[in-house]
Amino acid sequence: MAHTPHKVGGDICSQMLPPEVLPAEPRPPSEAEIDGLWRVFVAIGETWQNTVHDSAGLRSSWLDFLTQKCVTRPSYIGEYSSALSVFEELDRTHGDAAMDTLFFHSGVNSSTPPTTRLAHAKQYVVDEFIRVQIVIGGFKNFIVPDPPAERPDHIVNHRGFVAGSRYNRVTPVRVAIEQTP
């Protein structure tokens, strides 16, 4: 008996689209669009546990990125609007598991052109948000010391990350706290 893959979403997610970026006239995103997309960006940090304070320290850079993707050609505002309807449908059909389903169980193959609304949302929005999240700061908190530090919330910088100020007022990297037996 053949295995039937679990359906993700509903009619909106499975709607067929051409693989190209959805055409749209450039415009700034609305507050509602920003809020809906920000929820997905925050979920990325929560899922990979590489940000603090609900990604608040990354919001300004993310918002600059988002705005530029909307107001320049080709504008991604059509992709973002479409993705928001996908996210709403996933919330209705998968509840609390919506983001986990989208991130890990969507069935979208990122090596093939996206031909459904779900695939567009995954490839043009979620996958790009993941890359942006890592570039604008998520990479800073990927490495957990081995053995883990005394404080489970204490994480150290990604290997190769050098931070700090040219004035040496800030320690260039955080160091894991050594555990004593």
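Arg59 is a good place to enter this predicted model, since the residue belongs to helix α3, which covers residues 59-71. With a relative accessible area of 26%, Arg59 counts as partly exposed, because this value falls between the 20% limit for buried residues and the 50% limit for exposed ones. Apart from neighbours within four places in sequence, the residues in contact with Arg59 are Ile34, Asp35 and Trp38. Val42 offers a further point of reference: 17 residues separate Val42 from Arg59 in sequence, and their C-alpha atoms lie 9.2 Å apart in space.

Turning to the chain as a whole, helix α3 is one of six helices, and the protein chain has zero strands. Followed along the sequence, the elements therefore read α-α-α-α-α-α. Of the 181 residues in the protein chain, 41% are buried. The accessible surface amounts to about 10,800 Å², and carbon and sulfur atoms account for 55% of that area. Contacts that span the sequence are also part of the picture: taking those between residues at least 6 apart, 67% link residues at least 24 apart.

A word on confidence helps in reading the model. The average pLDDT of the protein chain is 81, and 72% of the residues reach at least 70. Residues 1-5, in turn, have a pLDDT below 50, and this stretch makes zero contacts in the model beyond near neighbours in sequence. Where pLDDT is low, the predicted coordinates are not to be read in detail.

Key
Residues numbered from 1 in each chain as written. Predicted model: local features only at pLDDT ≥ 70, side-chain atom pairs only at ≥ 80, totals over all residues. Heavy atoms only, no water. pLDDT = per-residue confidence, 0-100. Contact = heavy atoms within 4.5 Å. Helix = DSSP H or I, 4+ residues; strand = E, 2+ residues; numbered from the N terminus. Buried < 20%, exposed > 50% of the residue type's maximum accessible area, 1.4 Å probe, protein only. Areas by Shrake-Rupley, 256 points an atom, 1.4 Å probe, with all protein chains shown as cover.
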